[in-house]
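Please work through the exercises below with the sequence and the structure side by side, trying each task before reading its solution.

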Amino acid sequence: MPSVRDCITKYDWENLITVAFVLIDDAFRTLLREARPARHRGPEPAFSDSEVITVAFLCEYLFGGNEKMTLIFLNNYHRDLFPKLLDRTRFNRRRRALRDTIEVLRQAFTNLQLVACDPHRVVDSFPITQCGWRRRHRCALFRGRLWQGYVAAKKQHFFGLRLHVTTTVQGLVDRWLLAPASIDERIVMPYLVTDDAPRLFLADSGYVSEDLERRISIDCGHRLLALRRRNQRVQWPDHLRRIVKHLRHWIETTGSVLDAVFHIEYPNAKSASGLLARVGTKLFAYNFAFILAAVLAFTLTPSISAAEETLIHNI
């Protein structure tokens, strides 16, 4: 599977943007034929929904979610591709309105990569920080101890939510949901996997629970393999422990990429709808980037202009 960032430096950005728009627009038109229209009244906007989703993808993929920088860059260098480009306020409003559509497109693109046929999943959670720990008492969006969490790997507290995800063993995000930071992972997991076909889930020691294993087995037919804690009496054989650790490496890599490239830990949202829209767009951009890289590698010869290479080094 190609790297999620390969095509940024390998291909001309005009070709990258064009291919991304064509893929998104085709999928969006298919969605409109199979489901209800995005709007029920009024004329079609001059700046189409496909263009809004494409710009949202570019915002997360190329500029780490910086809307201001994205719109300035497109206005200055690629205005011919987006002649009716929106201002920042209208773009933000349109993206929030398309939140559910973006999630449906993410699932559609994910299924194109034969995710449904894979019976294995890896489950984990990542912090979504709404504000600094010392400023938590002044947070306008969330208040109270319910939103206070702790990251054992970093040995630090945070204030906000946890992003609970299941991924394939190759690292593609399948299902996700947001929950307050203080809620235990074992409480959230049954709600994350309720509508899945029977699968084998690999988890870390934070998911160790006989009740959880019994519940998801009876309700959904799933199996859960959670790494055993060192103080447990019954331990796995060494070879099984090494295999599960190796497969769990993919979700650790997914979390690192989502944090380093897409800045998912700090979405900088000011409202609940904005938070959901930004997190959903980042996950869409992450999965869609793999398809885009594969398509570009199959159809185009790598190239990049001198101006865009200079811009890359300055980001």
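The exercises that follow concern a predicted model, and each task is followed by a stepwise solution.

**Exercise 1. The nonpolar cores**

Task: Find which residues have the most contacts inside the largest nonpolar core, and which helix gives the largest share of this core.

Solution:
- Step 1. The largest nonpolar core consists of 74 residues, and those with the most contacts inside it are Phe-57, Tyr-61, Phe-284 and Leu-292.
- Step 2. Helix H10, residues 272-299, supplies the largest share of this core, namely 13 residues.
- Step 3. Taking Leu-292 and leaving aside its neighbours within four places in sequence, one finds it in contact with Cys-7, Leu-16, Val-19, Ala-20, Leu-23 and Phe-57.
- Step 4. Another core lies apart from the largest one; it has 12 residues, including Phe-201, Leu-212, Ile-216 and Leu-224.
- Step 5. As general background, nonpolar side chains in soluble globular proteins tend to be buried together.

**Exercise 2. Aromatic rings**

Task: Classify the pair formed by Phe-47 and Phe-82, and then the pair formed by Phe-142 and Trp-147.

Solution:
- Step 1. The structure holds 14 aromatic pairs, and a pair of aromatic rings is described by the distance of the centres and the angle of the planes.
- Step 2. For Phe-47 and Phe-82 the centres are 6.2 Å apart with 50° between the planes, and this pair is tilted.
- Step 3. Phe-47 belongs to the loop between helix H2 (13-34) and helix H3 (49-63), while Phe-82 belongs to the loop between helix H4 (67-77) and helix H5 (88-97), so the pair ties together parts that are 35 residues apart in sequence. Both Phe-47 and Phe-82 are buried.
- Step 4. The ring centres of Phe-142 and Trp-147 are 4.1 Å apart and their planes lie at 25°, so this pair is stacked. Phe-142 is buried, its relative accessible area being 9%, and Trp-147 is likewise buried, at 15% relative accessibility.
- Step 5. One aromatic cluster is formed by Phe-57, Tyr-61, Phe-109, Phe-262, Phe-284, Tyr-286, Phe-288 and Phe-290.

**Exercise 3. Arginines over rings**

Task: Determine which ring faces Arg-136 and Arg-215 lie over.

Solution:
- Step 1. Arg-136 lies over the face of Trp-133, at 4.0 Å from the ring centre.
- Step 2. Arg-215 lies over the face of Tyr-191, at 5.7 Å from the ring centre.

**Exercise 4. Positive phi values**

Task: Locate Lys-155 and Asn-268, and decide whether each is buried or exposed.

Solution:
- Step 1. Most residues other than glycine have a negative phi.
- Step 2. The phi of Lys-155 is nevertheless positive, near 55°. Lys-155 lies in the loop between strand E2 (148-151) and strand E3 (156-167), and because its relative accessibility is 69%, Lys-155 counts as exposed.
- Step 3. Asn-268 also has a positive phi, near 55°. Asn-268 is found in the loop between helix H9 (238-260) and H10, and with a relative accessible area of 62%, Asn-268 is exposed.

**Exercise 5. Cysteines**

Task: Establish how many disulfides the structure has, and examine the cysteine sulfur nearest to that of Cys-131.

Solution:
- Step 1. With the cut-off that the two sulfur atoms lie within 2.5 Å, the count comes to 0 disulfides.
- Step 2. For Cys-131, the nearest cysteine sulfur is that of Cys-139, 4.2 Å away, and Cys-131 is in no disulfide.
- Step 3. Cys-131 counts as buried at 16% relative accessibility, and Cys-59 counts as buried at 1%.

Conventions: Residues numbered from 1 in each chain as written. Predicted model: local features only at pLDDT ≥ 70, side-chain atom pairs only at ≥ 80, totals over all residues. Heavy atoms only, no water. Core = buried A, V, L, I, M, F, W, Y, C linked by side-chain atoms within 4.5 Å. Buried < 20%, exposed > 50% of the residue type's maximum accessible area, 1.4 Å probe, protein only. Helix = DSSP H or I, 4+ residues; strand = E, 2+ residues; numbered from the N terminus. Contact = heavy atoms within 4.5 Å. Phe/Tyr/Trp six-rings, centres within 6.5 Å; stacked < 30°, edge-to-face > 60°. Lys NZ or Arg CZ within 6 Å of the ring centre and 35° of its normal.
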